[in-house]
Amino acid sequence: MAMKAAETARCTDFPTLKSCLLSPLFILALLYVAILQLRMIFFLGTFNPWLEALAECDNETVSFYTTVFVFCQSTGLVMSPLCGLLLDRNKSKANMSTRGPYQDLLDSALAFAVTSALFGLFSITILIPILEVQYVTFILHVITRAFLYSLVASATPIFFPIQYFGTIYGLLIGLAGIFGLLQYPLFLLWTNFLNNDPFYVNIGLLLLCGLTFSLPAYIVIHVKRKSTLGVPIPSD
């Protein structure tokens with residue numbers, strides 16, 4: 001019953017695909033995915049020169065840390081379900097019948113905020129020029145990647161009617177991929193104008209990650225506005 005009410009509310013709020021694409025929710029979600037994916041892509045694209053600079057071109061050290069990084073990627077399957085647990089934290093057989101139509105949307109705000117915070121922490125550890133700290137960077141990379149893609153796939157049908165899922169999800173990933181092409185001018189900026197020092201580029205990306213908190217903030221404001229208009233939103 002709660003799921004049907006939630007889908008009805010989504011169809012009422014977004015009766016057409018155009019209404020979905022022109023909504024602040026879609027625009028903020030697109031910026032969210034685009035910025036965080038750019039942060040991740042730039043890290044991967046500049047991984048070797050960044051690591052070589054930290055290791056002072058010691059090939060053995062670079063090889064060792066590269067191996068550790070590759071090994072960490074295998075733990076991604078373990079991290080992905082954690083985001084789902086965060087999204088579903090308030091769901092239980094006892095309260096499913098009392099959940100309001102916007103409760104799933106409200107629950108997603110924390111997952112988006114946590115993901116933004118993890119990307120911020122990831123961006124901070126990259127800035128620390130200590131090799132041992134990069135073990136934390138590698139682990140955070142795995143967590144943030146798993147959270148980002150599982151969250152986008154899970155939250156899209158929470159945001160918009162299920163009938164538009166394929167189109168909206170495809171546009172989010174596709175347009176974010178186009179935005180990711182900015183890694184090339186950023187790389188040229190790093191190598192040609194910043195003397196191969198990525199510090200200022202990484203500072204800029206850290207600030208961009210901070211902008212992604214606008215999505216969970218908007219979700220909370222949007223749901224509270226719906227609540228004041230008479231839609232019941234049960235407390236956690």
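The following exchange walks through a predicted model of a single chain.

Visitor: How many helices and strands does the secondary structure of the chain come to?
Guide: Read along the sequence, the chain follows the pattern α-α-α-α-α-α-α-α-α-α-α-α. Its C-alpha atoms fill a box of roughly 60 × 35 × 30 Å along the principal axes, and among contacts with a separation of 6 or more, 79% join residues 24 or more positions apart. The count for this predicted model is 12 helices and 0 strands.

Visitor: Which residues touch the most other members of the largest nonpolar core?
Guide: Of the 236 residues of the chain, 46% count as buried, and the largest nonpolar core holds 66 residues. The largest share of this core, 13 residues, comes from helix 3. Those that touch the most other members are Phe-138, Phe-159 and Ile-219.

Visitor: Which residues of helix 4 does Phe-138 touch, leaving aside those up to four places away in sequence?
Guide: Helix 4 spans residues 47-54, and the residues that Phe-138 touches include Phe-43, Tyr-65, Val-68, Phe-69 and Cys-72, which lie outside that span. Within the span, the residues touched by Phe-138 are Phe-47 and Trp-50.

Visitor: Why do the buried residues of helix 4 lie on the same side of that helix?
Guide: The residues concerned are Phe-47, Trp-50 and Leu-51, each of them under 20% relative accessible area. What covers them includes helix 3, helix 5, helix 7, helix 8 and helix 10. They are on the same side of helix 4 because, around its axis, they cover an arc of only 95°.

Visitor: Which element gives the most to the lining of the second largest pocket?
Guide: This pocket encloses about 200 Å³ of space, and its lining has 9 nonpolar, 2 polar and 1 charged residues. The elements that give two or more residues to the lining are helix 4, helix 7 and helix 11. Trp-50, Ala-53 and Leu-54 are among the lining residues, and the element that gives the most, with 3 residues, is helix 4.

Visitor: What phi does Glu-56 take, just after helix 4?
Guide: Helix 4 covers residues 47-54, and Glu-56 comes just after it. The phi of Glu-56 is positive, at about 55°.

Visitor: Does Lys-224 count as buried, partly exposed or exposed?
Guide: Lys-224 has its place in helix 12, which covers residues 214-228, and its C-alpha atom is separated by 9.4 Å from that of Tyr-102, 122 residues apart along the chain. Its relative accessibility is 45%, and the class between buried and exposed runs from 20% to 50%. Lys-224 therefore counts as partly exposed.

Conventions:
Residues numbered from 1 in each chain as written. Predicted model: local features only at pLDDT ≥ 70, side-chain atom pairs only at ≥ 80, totals over all residues. Heavy atoms only, no water. Buried < 20%, exposed > 50% of the residue type's maximum accessible area, 1.4 Å probe, protein only. Arc of directions from axis to C-beta. Contact = heavy atoms within 4.5 Å. 1 Å grid on protein atoms, 1.4 Å probe; cavity = no way out; pocket = protein on both sides within 12 Å on 5 of 7 lines; lining within 4 Å. Points joined across faces, edges and corners; volume = space filled by probe spheres on them. Nonpolar A, V, L, I, M, F, W, Y, C, P; charged D, E, K, R; others polar. Core = buried A, V, L, I, M, F, W, Y, C linked by side-chain atoms within 4.5 Å.
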